Amino acid sequence: MIIGYARTSTDEQNTALQLAALKKNGCETIHEDKGISGAVRNRPVLTCCLASLKAGDTLIVWKLDRLGRSARDLLNILQDLDARGVRFISLTEAIDTQTQTGRAMLHMVALLVELERGLITERTRAGVKEAQKRGVKFGRKQKLTPVQIKHAREQIDQGQRVQDVAALLNVGRVTLYRALKAD
């Protein structure tokens, strides 16, 4: 069975061009997501479309970006289709996973995903180091100020129970203990 998938990112966009191309290429059934950004993880029509595919079926999209949210997402979908024996065709990029060129393109996408992942990690580490040099603190914001910690210590030294002081400061006992220890 030849199945098509079309998607528009906004309600104002029109799928007419995609639908015409899919019909022209023999799609018997066309699944259509309207007004759903590719960045959205939950695309019910796509999920239904992918679940309906069986070995020997062909999934056709007008363009690769209609299918995947990111290079990694696209690669995961394409690898799943390949493992299930489903042929994939992207009309605009002329990718067909039944041809040598199409399979090579699949591997190129995998390489680009790996490169993208490495570059993101590298940039993130560099950004964190730079921010730390500027004095930016990472992690959760402290629940207690130095004044509150000092006040808590005084209260405990005067005989107040730790649980009572913690409740007064609206924090847990363990949080108060940690703040007192760090001070």
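This text walks from the sheet of a predicted model to one buried residue, D57.

Start with the sheet. It is open and built from 5 strands. Their order is β2-β1-β3-β4-β5, and the pairing is mixed. The edges belong to β2 (29-33) and β5 (95-96). Each of these has a single partner strand, so one side of each is left without a neighbour in the sheet.

Now look at β1 and β3. Strand β1 covers residues 2-7 and strand β3 covers residues 58-61. The two run parallel and are joined over 4 bridges. One residue pair to find is I2 with T58, its bridge partner in β3. Helix α1 (residues 16-24) packs on the sheet. The helix touches β1, β2 and β3, and its direction makes about 170° with that of β1.

Next, move to D57. This residue sits in the loop between α2 (44-52) and β3. Is D57 buried or exposed? Its relative accessible area is 5%. The cut-off for buried is under 20%, so D57 counts as buried.

What does the side chain of D57 meet there? A polar atom of this side chain lies 3.1 Å from the backbone nitrogen of M1. A polar atom of the D57 side chain also lies 2.8 Å from the backbone nitrogen of K54.

Finally, widen the view around D57. Set aside its neighbours within four places in sequence. The residues in contact with D57 are then M1, I3, S52, G85, V86 and R87. M1 thus appears in this list, and its backbone nitrogen is the one placed 3.1 Å from a polar side-chain atom of D57. I3 belongs to the stretch 2-7 that forms β1.

Notes. Residues numbered from 1 in each chain as written. Predicted model: local features only at pLDDT ≥ 70, side-chain atom pairs only at ≥ 80, totals over all residues. Heavy atoms only, no water. Pairing = 2+ DSSP bridges. Contact = heavy atoms within 4.5 Å. Axes fitted to C-alpha atoms, helices over the stretch in contact; angles between N-to-C directions. Buried < 20%, exposed > 50% of the residue type's maximum accessible area, 1.4 Å probe, protein only. Polar contact = N/O pair within 3.5 Å; in protein donor to acceptor, adjacent residues only side chain to side chain.
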